[in-house]
Amino acid sequence: MPGILSERIAALRKERGLTQEQLGKMVGVSYQAVGKWEKGGAPDVELLPVLSRQLGVTIDALFGLEGGEQVDVEDTVHRWVAGTPHDQRVDWLCRLVWIAAGSVMSSKPEDVINISGYENCCETEAIEDGKPVRWLRRTRIAMEDGTILGIRANDMSFVSVWPEPKTGWKSFLEENERYRKLFAALAMPNCLELLEYLHTKPHFDHRRYTPGAVAKAMGLDAVEAEALMNALADLGVLSQIDLETEDGVLHAYMLSGDEALIPLLYFARWFITDGGSFLDAPYRKSPMLRGGLT
């Protein structure tokens, strides 16, 4: 059995894109211990439950045995992520989804397509206007029941899974006029710079900003700063409160939420970037907006 166990540990570790050091940290042992396991040694019996949990299988499966207790996938994933150090959980969850994406693309249950990654998310292969063009190594998987978009790279990895509602995506989108107002606001001079400035400040304390304070910090005219902040408040990007002062009513603004800007700008870059795709799997035959725009 030790030989089968060693092979299974090595195979499962590689399937999940783990190094020996990473698996060791997840189990609570050194990378040397993992190396010994994979060369014919065997883990201590008390380590088998946590090892199987981190590898997402039953203890029986570690020994190459079929059957055994049914794996509760949701519980296994929960325990697997919970057993990862806090500062690595988002990264490992992203890795787990990429592993699952390979199964989505397979035509047979026993087949798994390995979506390996790159060291870097960008590559430069052209010069335009005297400047290098940075292409993203994008992964696009378009299925009839949804879409997976992302980048599988060590320096910047993300994955976005979009299962398609039964009625299609169109009914869940905002009215085009609302989008036009957003894009018009973002196109205003210094609007993106204003958002960048606000996102350099901590959000947890619900900090509020007056146009005058922002104008001084950014070197803008106070009237321009207030116009920008009003435009963003009208869209719900900022929230506005009125402060009663000895000089009258003063407007103050705060971010309604600061989590969306990075995904928005990165997807915008994705949208306007041509070429450089790492994996393009257009299995879908239907249009993305079923039934058109009406």
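Okay, let's start with what sits on top of helix α7: its buried residues are covered by, among others, α2 (20-27), α6 (73-82), β3 (138-143), β4 (146-151), β5 (158-163) and β8 (279-282). Keep in mind that this is a predicted model.

So which residues of α7 are the buried ones? They are W92, C94, R95, W98, A101, G102 and M105. They take up an arc of only 165° around the axis, so they sit on the same side of α7. As for the helix itself, α7 runs over residues 89-105, which is 17 residues. At 1.5 Å a residue you'd expect a span of 24 Å, and the end C-alpha atoms are 25 Å apart, which agrees.

While we're on C94, let me do the cysteines. Buried here means under 20% relative accessible area, so C94, at 10%, counts as buried. C191 is buried too, with a relative accessible area of 1%. And how many disulfides are there? With the cut-off for a sulfur pair at 2.5 Å, the count is zero. C94 is in no disulfide, and the nearest cysteine sulfur, which belongs to C121, is 12 Å away.

Next helix: α11, residues 222-235. That's 14 residues, and from first C-alpha to last it reaches 20 Å, close to the 20 Å expected at 1.5 Å a residue. The buried residues in α11 are A225, L228, M229, L232 and L235. Why do I say they're on the same side of α11? Because the arc they cover around the axis is only 115°. The cover over them includes α8, α9, α10 (211-218), β6 (238-245) and β7 (248-255).

Now the part you may want to look at on screen, the pocket. The largest one has a volume of about 1800 Å³. Its lining is made up of 41 residues, and the ones nearest its centre are W162, L173, Y179, L264 and F267. Where does the lining come from? At least two residues each are supplied by β3, β4, α8 (176-186), α9 (191-199), α12 (261-272) and β8. The largest share, eight residues, comes from α12. You'll recall that β3, β4 and β8 also help cover the buried residues of α7.

There's a cavity as well. How many of 30 Å³ or more does the structure hold? One. The largest cavity has a volume of about 50 Å³, and its lining residues are L198, K201, P202, H203, H206, R207, Y209, M254 and L255.

Two single residues before I stop. The first is Q54, which lies in helix α4, residues 48-55. Is Q54 buried or exposed? Its relative accessible area is 1%, so Q54 is buried. Leaving out residues up to four places away in sequence, Q54 touches R16, M26, V27, R79, W80 and G83.

The other is N190, over in the loop between α8 and α9. N190 isn't a glycine, yet its phi is positive, about 75°. With a relative accessible area of 26%, N190 is partly exposed. Those two flanking helices, α8 and α9, have come up before: each gives at least two residues to the lining of the largest pocket, and both are among the elements covering the buried residues of α11.

That's what I had, so over to you.

How values were computed. Residues numbered from 1 in each chain as written. Predicted model: local features only at pLDDT ≥ 70, side-chain atom pairs only at ≥ 80, totals over all residues. Heavy atoms only, no water. Buried < 20%, exposed > 50% of the residue type's maximum accessible area, 1.4 Å probe, protein only. Helix = DSSP H or I, 4+ residues; strand = E, 2+ residues; numbered from the N terminus. Expected span 1.5 Å × (residues − 1). Arc of directions from axis to C-beta. Contact = heavy atoms within 4.5 Å. 1 Å grid on protein atoms, 1.4 Å probe; cavity = no way out; pocket = protein on both sides within 12 Å on 5 of 7 lines; lining within 4 Å. Points joined across faces, edges and corners; volume = space filled by probe spheres on them.
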